[in-house]
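Biologist: Hi! I'm new to this, so could you walk me through the structure below?

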Amino acid sequence: MSEPTAPPEAKEYPEFPGEKLSKSEYKKRLKAAATAKAKAEKEAKKAAEDAKSARPAPRAPPAGRAPPVLKNAKKGGGGYMDDMDLPSSASEDEMETVEREEKTIVLGGKTEKEERKARQKELEAARKEALAKEQAMQEDDDAFNVRCANLTDEAREQMANSKDIKIDGFSVSARGKELLTNTDLTIVHGRRYGLVGPNGMGKTTIMKLLARRKLPVPDFIDILLVEQEVVGDDRSALESVVAADVELQQLRKRKMELEAAMERVAAAEEKGGEEGSAERDAALAEALKACQISEEDDSGMQGKLAMEQKRKEAGEITEETFDLSSELNKTYDRLEEKNDATAEARAAKILHGLGFTVPESKTNVGPERFSMHNTTKSFSGGWRMRISLARALFIEPTCLLLDEPTNHLDLRAVIWLEEYLMRWKKTLLVVSHDRDFLSSVTTDIIHLHDHKLSQYRGSFENFEEMYEQRRREANKAYEKYEKQMKAAKAAKKGQAKNAQAAVKDAAAKRAEQKRAGKNKGMMQDDDDDNRGGDAAPTRWNDYSVEFHFPTPSELPPPLISLTDCHFKYPNLEGFGLDNLNLGIDMGTRVGIIGPNGAGKSTLMNLLAGDLTPTQGDSRRSHKLRIGRYSQHFVDVLSMDENPVQYLLRQYLKPEGGSYKPEEIRAKLGKFGLPGHNHLTPIVKLSGGQKARVVFTSIQLSNPHILLMDEPTNHLDMESIDALGTALDEFEGGVVLITHDAHICGKVLDAETSEIWVVDEGAVTKFDGDFDEYRKQLVAEINAELDDE
């Protein structure tokens, strides 16, 4: 068979050699090729732009600052200390974003199209983050194994109406690790509890299990845990807070629907006839529907029995029993009980107390960028966390759970929250590392220690005294027991076994007597930590951590100086720092305080040389080494390495030569990072664990000056104590941004320290110490709250 021939009109074109095409086929192929080429060029251009934006140009070390000793640095990246261009604190990260290349401020701003594209990316990232958090919470639920007594339906119904939470003999484990073992928890309505203990022991887990009712909580208690920031959207901060009260929103909606139904019924009755009757029936049917319970009415804060009762009560309203006027009056009464008329005013006062301003902003610059009328999506993560906190305070749940609420708050907001919660009439359970905050707010302390919960009545100071007493008594009993056992083992042949048994029996009887008695200072007797009557005395298992920064070599002053300096960000009108005349030397102690967003982190970046003043003279000693810590320290860590690998790659010994892995592990251990985390990828470490890697890195850099921006946020109390001691003993300069009064008391003294107040574009030196400044704020805030 001969090969088929092409149609007469087909011919070979130079663009498609070896093919014979008709004229129409040629045009189609040509058009398709052009489209594919254009698409490929567009994709290549987009990929090049993405790669360029994702890979920042390498920066040179700040002028006049010597970097730490590095080895084998990755291409394009410096060591921790010379490349420590950390973003500003959470409250200022929206404001303090500048593009820098070779330490030059880029004056050109983004176009409107670029800004819109960037905003879309941020919103998409926020949505993905919210989904990831939701998935993580679900994984948390699956990871925890809770063991407690099973409640019968009758027992659950009896417990349902109680406002107290009482859980006996429960245990919790996570992925095989025991967090709590056969312990008890009692939360009495109207009392304010502080939950304390070392990081990573299960405090947050307890809060989550209570909030998600994995532990038995009475059904009619509405319980709320503030654990993540509000998702940014187009609602204003004020609207978001008021919208948090689901019942209030439903009542307002029902009121409008019932009022509209009343008007329609009146019009229908006036019309009369069959048509009027039909319209009347339709209006009443819609009004009846408005009074039914929907899924939107469930805030998720109450238990199953409470929601079942609400639905049952709503279901009892039928067409025969429905009275539109009566239901509208009930709605009016309930709205009055909810203080509907003052809802926006109450929400505004809470937001103002947490640092939001009142004026409506169109430009999102200057002080108005923190206006409570701005959209939630315009705020950074730290400020959205404040909105979440404000929503919880506005709702006033029966039991409020707060996990480290003072993180990301400035000093004034922390004091306001203290004073506000001291007036809290319902139940509060708070996890915090801030001693002053706990001392002011709490009426009771729950201590998580050695897989047990011990409860103490009284202030945090009372708890510390009683804890120390228990520790001494426990160690004394252990030493006595060990001495008796040693003597029993040394008894004559044949009598040793009986003598040891007698010592053990005596110890068991003493433990039983302690458990049967009542400790006056404690809500329940936990002197033996529920170990059981046959438990022998053991040495008190104390958690200890040691921070230390090496003695720096002497440098002649000034180490850092800012003379007649001014600074403004490009395209950010209404914000700047003016007339800066400041200096830092060896031995300097400075506390920087002021509202979030006022420029504290900007000032810190100017001192470090990470920002260049727009006017004035900025100088640093050419041999100066600076240790930096910031709330966003995570960004500079190498996430794909473990802590040992990261630090071995970054640092050599001061005298030369490499560290051994065991030497690095010893340093990490002293800063409180558990041994099993030394070889864990940094990306998998918690915030507190990453903080310890950064502190170890600072120690290895041998700094002359420490610039610390909120260093306590991820630390437990023991670590804050250790950090305070290390900063106090450090012989170089220390500049500290913090709201933690305890660490300020350790590091800043009245004679040699200075307080710099950053506000309204200026840095002023406060005539007094930190305690005096704090007392002024407390007096101002008390006056505001008392006026309300």
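Modeller: Happy to! One term to start: accessible areas are calculated by the Shrake-Rupley method with a 1.4 Å probe, and for residues only the protein chains shown count as cover. Please keep in mind that this is a predicted model, where local features need pLDDT of at least 70, side-chain atom pairs count only at pLDDT 80 or more, and totals for chains, interfaces and linings use all residues. Residues are numbered from 1 along each chain as its sequence is written, and side-chain values use heavy atoms, with hydrogens and water left out.

Biologist: Got it. How much area does the protein chain expose?

Modeller: About 39,800 Å², and carbon and sulfur atoms supply 50% of that.

Biologist: And what share of the residues is buried?

Modeller: Of the 788 residues in the protein chain, 47% are buried. Buried means under 20% relative accessible area, exposed means over 50%, and partly exposed is in between (1.4 Å probe, protein chains only).

Biologist: How many helices and strands are there?

Modeller: The protein chain has 22 helices and 22 strands. These are DSSP runs numbered from the N terminus: helices are H or I with at least four residues, strands are E with at least two.

Biologist: What about contacts between residues at least 6 apart in sequence?

Modeller: Of those contacts, 71% join residues at least 24 apart. A contact means heavy atoms within 4.5 Å.

Biologist: New topic! How many salt bridges does a search of the whole structure find?

Modeller: It finds 31. A salt bridge here is a side-chain nitrogen of Lys or Arg within 4 Å of a carboxyl oxygen of Asp or Glu. As background, side chains of opposite charge can pair when their charged atoms come close.

Biologist: Which residue forms a salt bridge with R147?

Modeller: That's E178, and the closest N and O atoms of the pair are 3.2 Å apart. R147 sits in strand 5 (residues 144-147) and E178 in strand 7 (residues 177-187), so this pair links distant parts of the chain, 31 residues apart. R147 is partly exposed at 34% relative accessible area, and E178 is partly exposed at 31%.

Biologist: Nice. Which residue does R252 meet in a salt bridge?

Modeller: R252 meets E344, at 3.1 Å from N to O. The pair ties together parts that are 92 residues apart in sequence, because R252 lies in helix 6 (residues 246-271) and E344 in helix 10. E344 counts as partly exposed, with 34% relative accessibility.

Biologist: And where is the partner of E269?

Modeller: The side chain of E269 forms a salt bridge with R280 (3.0 Å, N to O). E269 is in helix 6 and R280 is in helix 7 (residues 273-290), eleven residues apart, and the pair links distant parts of the chain. There is also a network: D245, E247, R334, E337 and K338 are joined by salt bridges that share partners.

Biologist: Tell me about K338. Is it buried or exposed?

Modeller: K338 is buried, at 17% relative accessible area. It is found in the loop between helix 9 (324-337) and helix 10 (343-353). Setting aside neighbours within four places in sequence, K338 is in contact with D245, E247, L248, L251 and R346.

Biologist: Which residues gather in a patch of negative charge?

Modeller: D728, E729, D749 and E751 gather in that patch on the surface. Patch residues have over 30% relative accessible area and no salt bridge, and like charges are joined within 9 Å. D749 lies in the loop between helix 21 (741-747) and strand 21 (753-759), and it is partly exposed at 31%.

Biologist: Anything unusual in the backbone?

Modeller: Here are some details. The peptide bond from P557 to P558 is cis, with omega near -5°, and P558 lies in the loop between helix 15 (496-516) and strand 14 (560-567). N579 has a positive phi, near 55°, in a residue other than glycine. N579 is in strand 15 (residues 577-584) and counts as exposed, with 54% relative accessibility.

Biologist: And what is phi of E760?

Modeller: Phi of E760 is near 55°. E760 lies in the loop between strand 21 and strand 22, and at 76% relative accessibility E760 counts as exposed.

Definitions and conventions. Patch = residues over 30% accessible without salt bridge, like charges linked within 9 Å, V, L, I, M, F, W, Y side chains within 5 Å. Lys, Arg positive; Asp, Glu negative; His and termini not counted. Charge placed at Lys NZ, Arg CZ, Asp CG, Glu CD.
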